[in-house]
Amino acid sequence: MERAIYEAFVETVFREARIEDCARLSDLLATAVRRALPEICLGETDDGAVADDLTAQGTARVGDLLTHDQIKQTCRHFETRDAFAEHVDADEAGTLRPVADLARDSHFAGFPATTVLAAPNLLEAANDPRVLAVAERYLGCPPTLFQISAWWSFPGHARRARYPQTFPRDGKYRHCKLFIYLTNVDDEAGPHEVVIRSHDIDTIKDALRRTGHAERHWPALFPAAGYVRDQIIDGVFADRIKRFLGPAGSSFLVNTFCLHRAVPPKSRPRLIAVASYGMFPQFRDARIALGPAVRASLASRLPDTPRSRFINRELIEFS
Ligand SMILES: O=C(O)CCC(=O)C(=O)O
């Protein structure tokens, strides 16, 4: 019960807070987590530059997390699994269907949380000590890994899917996502794009001024829910869009409060996995979908330490 109150309180605070106050609120929350759990915090690490990039630019490369053989093994797991016509497992995801069918009539084939967590190597990659160290330094406290998703995006659609093929922002609380391409991604295969520094208020004000846009466009850049129109992105941020291309295995971290999107694939499908880290759990759909038996079955894949228990408490039930 106390946990539910804490989570609801933190969610409410960030929902109600002004954009300008969220960095300070995130700092305070990080301090509180560190104070409550000093024994699981990391000391100094060598990952400062990567975390600093994530803080300043909103994105950072993390290097290879999976070997060629591990990628093949992970992809093989998804080959025979059914999926939803959405990109993530959520209440509204609908019924499960074969991926080959979804490729014909849907933008996406998103795998259920149980299928994703059962995939070899993804849970381990999301717990890679380098990633966790960067996430911790960036967040200011040990991360909470609250979701891992994986989905196919398919070419061949006249219209874009609204989410995530337009430019959304995720929540105002400090968080980041680890993206791992499981197929080769070039311009044809629907790369991920981020508007660099679009989390930063001074950068946005400066971009509005430089491009001759009045401050009245400000609210349109922070939609309470939804997407920023392409005209605004093109008009204000054309020189700030970073496109991530790379072979299967390429991994990068993104502060997805930055404007970001998936470019719709032109001729080749893309398989991606995404792990989400925050200072408190969000999107509890995944936890609920997993259920206690699956959560318990995952425990043997990770070290049973206080730090690992804390980071993975949304997804894993250690005995
Ligand atoms: O598929 C993509 O590249 C974008 C996904 C996305 O927007 C997200 O996970 O927040």
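Visitor: What makes two strands a pair?

Guide: Two strands pair if DSSP finds at least two bridges between them. In this predicted model, three bridges join β2 to β3 (residues 144-153), so the two strands count as paired. They run antiparallel, and G110 stands opposite W151 in β3.

Visitor: Why are β1 and β2 called edge strands?

Guide: The open sheet has six strands in the order β1-β9-β5-β11-β3-β2, with antiparallel pairing. β1 (59-61) and β2 (108-110) each pair on one side only. From one strand to the next, the twist averages 25 degrees.

Visitor: Why is α3 called oblique to α8?

Guide: Two packed helices are described by the angle between their axes and the distance between the axes. The axes of α3 (residues 48-57) and α8 (residues 129-139) come within 9 Å and cross at roughly 50 degrees. Angles under 35 degrees count as roughly parallel and those from 65 to 115 as roughly perpendicular; the crossing at roughly 50 degrees is therefore oblique. The contact is made by G48, V50, A51, L54 and T55 of α3 and by V134, R137 and Y138 of α8. By class, five of these residues are nonpolar, two polar and one charged.

Visitor: How does α8 run relative to β5, roughly parallel or roughly antiparallel?

Guide: α8 lies across β1, β5 (175-181), β9 (251-254) and β11, running at about 155 degrees to β5. Angles over 145 degrees count as roughly antiparallel, so α8 is roughly antiparallel to β5.

Note on methods: Residues numbered from 1 in each chain as written. Predicted model: local features only at pLDDT ≥ 70, side-chain atom pairs only at ≥ 80, totals over all residues. Axes fitted to C-alpha atoms, helices over the stretch in contact; angles between N-to-C directions. Helix = DSSP H or I, 4+ residues; strand = E, 2+ residues; numbered from the N terminus. Contact = placed C-beta atoms within 7 Å. Nonpolar A, V, L, I, M, F, W, Y, C, P; charged D, E, K, R; others polar.
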